[in-house]
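Trainee: Hi! Could we go through this model together?
Mentor: Happy to, let's open it up.

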Amino acid sequence: MSAFALMGFAASGFVAARFGYRITLILPGLGYALSALLAAAFIRAADLTPQRVARD
């Protein structure tokens, strides 16, 4: 994770120089939103509700 973060920080300097600093704030925000949507989909698909135990 740290290696990817380092590559992202390095790339953000080039992106900011080319497209402006606003885009360096928008792109991570979109990435966080996508991560939240994927996590919500995973939780729904995994059905993490506790199962009831049958008693005799």
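Trainee: Which helix gives the most to the lining of the largest pocket?
Mentor: That is H2, which contributes 7 residues to the lining. Keep in mind that this is a predicted model.

Trainee: And how many residues line the largest pocket in total?
Mentor: The lining has 13 residues. Nearest the pocket's centre are Gly-8, Ser-12, Thr-24, Leu-27 and Pro-28. H1 and H2 each provide at least two residues of that lining.

Trainee: How much space lies in there?
Mentor: The largest pocket holds about 270 Å³.

Trainee: Let's pick out Leu-27. Where does Leu-27 lie?
Mentor: Leu-27 is part of helix H2, which covers residues 21-46. Leu-27 also belongs to a nonpolar surface patch, together with Ile-26 and Leu-30. The accessible area of those three together is about 280 Å².

Trainee: Why does Leu-27 count as partly exposed?
Mentor: Its relative accessibility is 47%, and the partly exposed class runs between the 20% and 50% cut-offs.

Trainee: What about Leu-25, is that one buried or exposed?
Mentor: Leu-25 is exposed, because its relative accessible area is 67% and the exposed class means over 50%. Leu-25 sits in helix H2 too.

Trainee: How far apart are Leu-25 and Phe-9?
Mentor: In sequence they are separated by 16 residues, and in space by 12 Å from C-alpha to C-alpha.

Trainee: Switching to H1: how many of its residues are buried?
Mentor: Just 1 of its 18 residues is buried, so H1 is hardly covered.

Trainee: What span should H1 have, and what does the model give?
Mentor: At 1.5 Å a residue, the 18 residues of H1 (residues 2-19) should span 26 Å, and the end C-alpha atoms are 25 Å apart, so the two agree. For H2, 26 residues should span 38 Å, and its end C-alpha atoms are 38 Å apart, which agrees as well.

Trainee: Last one: what follows each helix?
Mentor: After H1 comes Gly-20, with a positive phi near 105°. After H2 comes Asp-47, whose phi is also positive, near 50°.

Key: Residues are numbered from 1 along each chain as its sequence is written. This is a predicted model: local features need pLDDT of at least 70, side-chain atom pairs count only at pLDDT 80 or more; totals for chains, interfaces and linings use all residues. Side-chain values use heavy atoms; hydrogens and water are left out. Patches are made of residues with over 30% relative accessible area and no salt bridge: like charges are joined within 9 Å, nonpolar side chains (Val, Leu, Ile, Met, Phe, Trp, Tyr) within 5 Å. Accessible areas come from the Shrake-Rupley method with a 1.4 Å probe; for residues, only the protein chains shown count as cover. A salt bridge is a side-chain nitrogen of Lys or Arg within 4 Å of a carboxyl oxygen of Asp or Glu. Helices (H or I, at least four residues) and strands (E, at least two) are DSSP runs, numbered from the N terminus. Buried means under 20% relative accessible area, exposed over 50%, partly exposed in between (1.4 Å probe, protein chains only). The expected span of a helix is 1.5 Å times one less than its number of residues. On a 1 Å grid over the protein atoms alone, a cavity is a set of points where a 1.4 Å probe fits but cannot get out, and a pocket is an open set with protein on both sides within 12 Å along at least five of seven lines; lining residues have an atom within 4 Å of a point. Grid points are joined across faces, edges and corners, and a volume is the space filled by probe spheres set on the points.
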